[in-house]
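Subject: Structure handover

Hello,

Here is the structure for you to take over. My notes on what was found in it follow below.

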Amino acid sequence: MDLSNFTTLQNLESAFGGESMANRKYLFFAAVARKLGFADLAKLFKETADQETEHAFAHFELLHPELVVEDAAALTDEQKREIISRCLSLAIAGETYEYTTMYPEFAAAAEHDRDHPAAAEFLQQAQESSDHANTFRTAAHRFGLLKFIENYHADRYTEALEVLNGGDAVTRVVSEDPQTQKWICRQCSMIYDPVTGDPDSGIAPGTAFADIPKDWHCPICGATKKTFKPLEEKVAA
């Protein structure tokens, strides 16, 4: 397909984004329906979500024909490596964009909105205004945390690509100093750094992970403290 037409390219990207978003929304709706006891509706949402995935895949294949695999058995090892390398490169680009541009800008916007004159007016209202302010604050905090998560993801993809291309595997170790030892959530990859703590959750900077209260939860996904494990960090060359 000729994608030299910029409008068509933009439309395909928008269609892919729309179908992908629909898939995640319908899966969420399915989970809600299941919890409420509407099994038939949960099934409907799930089936539709699967169909939206097929639509999204079809759009993505047009955007990236170099990734379409018709017959894997007919490909050489080099061709397979080229395709998977392209997948890793796209993943790295996406994660890097998220942690260098998207989430930092979202965080800045959320902080700005929290101090916006309109927000100040909202704060004069009753509980609704308070809820709005808390929402902005939570969004800013989460975007800030997600920046580091996406950085971590991009690093791991980069390492995998280097190894795939014949490079040496990166050595990672766990810090033995409780005051600097980072911990990572197994569920969402949120990284707890004792140097910065988690002030929004009442955890002051300089608090070692072992000293965090047992009822503390991951500020991103809500997982319990037990879900975290020591983070293996790259050894400086």
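Cys188 is a good place to start: with a relative accessibility of 18%, Cys188 counts as buried. Please keep in mind throughout that this is a predicted model.

**Cysteines**

The cysteine nearest to Cys188 by sulfur position is Cys218, at 3.6 Å. A disulfide requires two cysteine sulfur atoms within 2.5 Å, so the 3.6 Å between Cys188 and Cys218 does not qualify. Seen from the other side, Cys218 is in no disulfide either, and the nearest cysteine sulfur to its own is that of Cys188. Cys218 is buried as well, with a relative accessible area of 3%. The disulfide count under this rule is zero.

**Overall layout**

The chain contains five helices and five strands. In sequence order the pattern is α-α-α-α-α-β-β-β-β-β. Of the 237 residues in the chain, 27% are buried. Taking the contacts in the chain with a separation of 6 or more, 58% are between residues 24 or more positions apart.

**Largest pocket**

How much space lies in the largest pocket? The figure is about 510 Å³. Its lining consists of 21 residues, and those nearest the centre of the pocket are Phe148, Lys182, Ile191, Asp193 and Leu231.

Which elements supply the lining of the largest pocket? At least two residues each come from helix H5 (127-164), strand E3 (191-192) and strand E5 (232-234). H5 has the largest share, with eight residues. By domain, the lining takes at least three residues from domain 2 (71-169) and at least three from domain 3 (171-234). By residue class, the lining of the largest pocket has nine nonpolar, seven charged and five polar residues.

**Loops between the strands**

Three loop residues are worth listing.

- Glu176 sits in the loop between strand E1 (172-174) and strand E2 (183-185). Its relative accessibility is 79%, and Glu176 therefore counts as exposed. Glu176 and Pro230 are 54 residues apart along the chain, and their C-alpha atoms are separated by 9.8 Å.

- Ser189 belongs to the loop between E2 and E3. Its phi is positive, about 75°, although Ser189 is not a glycine. The relative accessible area of Ser189 is 15%, which means that Ser189 is buried.

- Thr227 lies in the loop between E3 and strand E4 (228-230). Is Thr227 buried or exposed? With a relative accessible area of 19%, Thr227 is buried, because the cut-off for buried is under 20%. Apart from its neighbours within four places in sequence, Thr227 is in contact with Ile184, Cys185, Arg186 and Gln187.

**Recap**

To sum up the points above: the predicted model has zero disulfides by the rule used. The largest pocket, with about 510 Å³ of space, is lined by residues that include at least three from each of domain 2 and domain 3. Among the loop residues, Glu176 is exposed, whereas Ser189 is buried and Thr227 is buried.

Regards

Definitions and conventions. Residues are numbered from 1 along each chain as its sequence is written. This is a predicted model: local features need pLDDT of at least 70, side-chain atom pairs count only at pLDDT 80 or more; totals for chains, interfaces and linings use all residues. Side-chain values use heavy atoms; hydrogens and water are left out. Buried means under 20% relative accessible area, exposed over 50%, partly exposed in between (1.4 Å probe, protein chains only). On a 1 Å grid over the protein atoms alone, a cavity is a set of points where a 1.4 Å probe fits but cannot get out, and a pocket is an open set with protein on both sides within 12 Å along at least five of seven lines; lining residues have an atom within 4 Å of a point. Grid points are joined across faces, edges and corners, and a volume is the space filled by probe spheres set on the points. Helices (H or I, at least four residues) and strands (E, at least two) are DSSP runs, numbered from the N terminus. Ala, Val, Leu, Ile, Met, Phe, Trp, Tyr, Cys and Pro count as nonpolar, Asp, Glu, Lys and Arg as charged, and the others, Gly among them, as polar. Domain bounds come from an automatic or database domain assignment. Contact means heavy atoms within 4.5 Å.
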